[in-house]
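Subject: A structure for you to explore

Hi,

Here is the structure I promised to pass on. Have a look around it first, and then read on.

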Amino acid sequence: MHGNRTASSLAETTNMLTQTNNIYSYDMKLDSTPRQSMIEIKEGIKRIDQGQGVIVLYDMGSIKTIVETIAEELNCKLRLIYLPITLIGIEAARKSAMETDIDYVYHTVSMSMNDLLQKAEKGYELIITLCHTGEGGAEQLKRYIESYSKLGMKVKALAISSRNELIKEVSNLKKVYKVHAFVGTYDPNIFGIPFISIGKVFETPKETLDRLLLFEPVKTQFFDYTEVYSYLADSFKYTDIGKLKMILPEVIDEICTLYPLSLDQSIGLFMHLACLIERLLENRSPNIAKANLAVMKTFKQDALIIAKILRKLEKSFDVLINDLELSTILLIIKKL
């Protein structure tokens, strides 16, 4: 921790309360140079590591950078847990100096704290970039994502051609991280982990890269689909959510390119198509009025276009979307 006694006081209190005596501290003095701190932290880790690694609680990003560098140099297992207590204190102090409403200060600091903790949780998610050879494609893709993504997810480059070797490597990574997605030149189709092609990454504007990485339709207005996917994962029994993440945003984007949908329409269509796939896989027929078929005649050309776009879903999930289902989709798109 930053400060003269912050880390040592926490370590002392924790050891006294737990009687484990396995907590060590490093107080990073505010006038200490990064080089000096790195040397001292490195010596401390070498002294306390017993071969199984060290868990590091830290308060600000400079320590994270130092520890990650040390981990590579020592080939030591170091696991970082972000504890932004100093930043929260700074935020509370600054707000209190400027405001007179204590409730306003309390709520804004609480919101900032939640944002910080959410960013910390993202740090445990991992994006794996892939290529078949060791010629640097995966590494270049890793650097690109690290340069333009603001999600804070860790990115690991793997240049592996052997499927068995890849499974073994990813299995080890899954012990530490939640693997968010594969991004690269080929889809390994393992562990149900979603895949994003390298082509999609470079087709997408840099400013909307994070929406692609979060499996959101890029061409719609901004909306956080995280909770939607979480809900679908809990609710669905038959649909592969990883596959849905790969295919459905692409389908919504194609439709939004041709038809100016509002945010509510695009979200409604997203949910409708996701639930439609689940129903079809379950072999459950919906109660759709046959009168809806009239819309197919009125918008015959649109029906052909939408049917062509939906073939990606049909092919991926091995289902058939009939004219009754298509008529309902047309009603949503045409705002009828």
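Below is what turned up, starting with a pocket and ending with a helix and the core around it. Please keep in mind that this is a predicted model.

**The pocket**

The largest pocket has a volume of about 1,600 Å³. Its lining is made up of 42 residues, and Lys64, Glu68, Leu80, Lys154 and Tyr177 are the closest to the centre. Which helix gives the largest share of that lining? It is α3, with 7 residues. Among the other elements that supply at least two residues each are the strands β2, β3 and β4 and the helices α5, α6 and α7. Sorted by class, the lining has 20 nonpolar, 14 charged and 8 polar residues.

**Helix α15**

Next, find α15, which covers residues 323-333. Just at its start, a side-chain oxygen of Asn322 comes to within 3.1 Å of the backbone nitrogen of Leu324. After the helix comes Lys335, which has a positive phi, near 60 degrees. The buried residues of α15 include Leu326, Ile329, Leu330 and Ile333, and α11, α12, α13 and α14 are part of what covers the buried residues.

**The cores**

Ile329 also appears in the largest nonpolar core, which has 55 residues. There it is listed with Ile255, Leu273, Ile306, Leu310 and Leu313 as having the most contacts inside the core. Leaving aside neighbours within four places in sequence, Ile306 is in contact with Ile255, Tyr259, Leu326, Ile329, Leu330 and Ile333. Apart from this core lies another, of 20 residues, including Tyr58, Ile63, Tyr82 and Val105.

Enjoy exploring!

Conventions:
Residues are numbered from 1 along each chain as its sequence is written. This is a predicted model: local features need pLDDT of at least 70, side-chain atom pairs count only at pLDDT 80 or more; totals for chains, interfaces and linings use all residues. Side-chain values use heavy atoms; hydrogens and water are left out. On a 1 Å grid over the protein atoms alone, a cavity is a set of points where a 1.4 Å probe fits but cannot get out, and a pocket is an open set with protein on both sides within 12 Å along at least five of seven lines; lining residues have an atom within 4 Å of a point. Grid points are joined across faces, edges and corners, and a volume is the space filled by probe spheres set on the points. Helices (H or I, at least four residues) and strands (E, at least two) are DSSP runs, numbered from the N terminus. Ala, Val, Leu, Ile, Met, Phe, Trp, Tyr, Cys and Pro count as nonpolar, Asp, Glu, Lys and Arg as charged, and the others, Gly among them, as polar. Buried means under 20% relative accessible area, exposed over 50%, partly exposed in between (1.4 Å probe, protein chains only). Contact means heavy atoms within 4.5 Å. A polar contact is a pair of N or O atoms within 3.5 Å; within protein, one must be able to donate a hydrogen and the other to accept it, and residues adjacent in sequence count only if both atoms are side-chain atoms. A nonpolar core is a set of buried Ala, Val, Leu, Ile, Met, Phe, Trp, Tyr and Cys residues joined through side-chain atoms within 4.5 Å.
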